[in-house]
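Trainee: Could you take me through one part of this model slowly, the biggest pocket and the strands around it?

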Amino acid sequence: MNDDKFSLKARRTTRIPLRVPVQLVIQKDGQTRTFEGWTMIVNVHGARIESKRSVALNEEVLLQIPSNGKAQRGRVVWSGPEA
């Protein structure tokens with residue numbers, strides 16, 4: 001039996017490098033902010049998004065894909081320093 005299959009470090013799903021333009025919509029305190037970004041890595045549980053504007057940890061966002069009109073709500077679980 002392969003012990004790596006049951007390791008806590010094993011990923012739930014495969015990460016796929018994929019660059020897709022997206023729009024991030026954040027509603028807070030009665031104001032709506034919309035800005036552009038792009039995916040860097042995606043999987044069935046979420047995506048790593050890069051943007052020129054920062055997003056706060058635990059902030060709820062609406063992620064829209066302008067090319068196909070799809071949208072999905074999510075929450076920021078990691079935010080790195082600005083480049």
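Mentor: Here is a walk through the pocket, then the strands, then a few single residues.

Before anything else, this is a predicted model, in which local features need pLDDT of at least 70 and side-chain atom pairs count only at pLDDT 80 or more, while totals for chains, interfaces and linings use all residues. Residues are numbered from 1 along each chain as its sequence is written, and side-chain values use heavy atoms, with hydrogens and water left out.

The idea behind the pocket search is simple: rolling a probe the size of a water molecule over the atoms shows where empty space is left. Here a pocket is an open set of points on a 1 Å grid over the protein atoms alone, where a 1.4 Å probe fits, with protein on both sides within 12 Å along at least five of seven lines. Lining residues are those with an atom within 4 Å of a point. Grid points are joined across faces, edges and corners, and the volume is the space filled by probe spheres set on the points. On those terms the largest pocket comes to about 1,600 Å³. Its lining takes in 41 residues, and G46, A47, R48, I49 and W78 are the ones nearest the centre. By class, 19 of the lining residues are nonpolar, eleven polar and eleven charged. For that split, Ala, Val, Leu, Ile, Met, Phe, Trp, Tyr, Cys and Pro count as nonpolar, Asp, Glu, Lys and Arg as charged, and the others, Gly among them, as polar.

Now the strands around the pocket. The protein has six strands and zero helices, so defined that strands (E, at least two residues) and helices (H or I, at least four) are DSSP runs numbered from the N terminus. The order of elements is therefore just β-β-β-β-β-β. At least two lining residues of the largest pocket come from each of β2 (21-28), β3 (31-43), β4 (46-51), β5 (60-65) and β6 (70-75).

How do these strands pair, given that pairing takes at least two DSSP bridges between two strands? Start with β3. It is antiparallel to β1 over two bridges, with I16 partnered by V42. β3 also pairs with β2, antiparallel over eight bridges, and there V22 faces G37. With β4, β3 makes six bridges, again antiparallel, and N43 has G46 as its bridge partner. That G46 is one of the residues nearest the pocket centre. The link from β3 to β4 is a hairpin through two residues.

β5 and β6 also pair with each other, antiparallel over six bridges, with E60 opposite R75. Four residues lie between these two strands in their hairpin, where G69 has a positive phi near 80°. How does β6 sit, in the open or covered? None of its six residues is buried, so β6 lies largely in the open; buried here means under 20% relative accessible area, exposed over 50%, and partly exposed in between, with a 1.4 Å probe and protein chains only.

The turns have their own quirks. Most residues other than glycine have a negative phi, and most peptide bonds are trans. D29, in the loop between β2 and β3, goes the other way with phi near 55°. The hairpin there has two residues between its strands. At 72% relative accessibility, D29 counts as exposed. N58, in the loop between β4 and β5, also has a positive phi, near 70°.

Two more residues are worth clicking on. S51 lies in β4 and is partly exposed at 22% relative accessibility. Beyond neighbours within four places in sequence, S51 contacts L24, F35, E36 and G37, contact meaning heavy atoms within 4.5 Å. S51 and F35 are 16 residues apart along the chain, with their C-alpha atoms 8.0 Å apart. R12, in the segment before β1 (16-17), is exposed at 69% relative accessibility. Its C-alpha lies 9.4 Å from that of N43, although the two are 31 residues apart in sequence.

Finally, the whole chain as background to the pocket. Of the 83 residues in the protein, 17% are buried. The exposed area is about 7,200 Å², half of it (50%) from carbon and sulfur atoms, using the Shrake-Rupley method with a 1.4 Å probe, where for residues only the protein chains shown count as cover. Among contacts between residues at least 6 apart in sequence, 37% join residues at least 24 apart.

Key
Two strands pair if DSSP finds at least two bridges between them.
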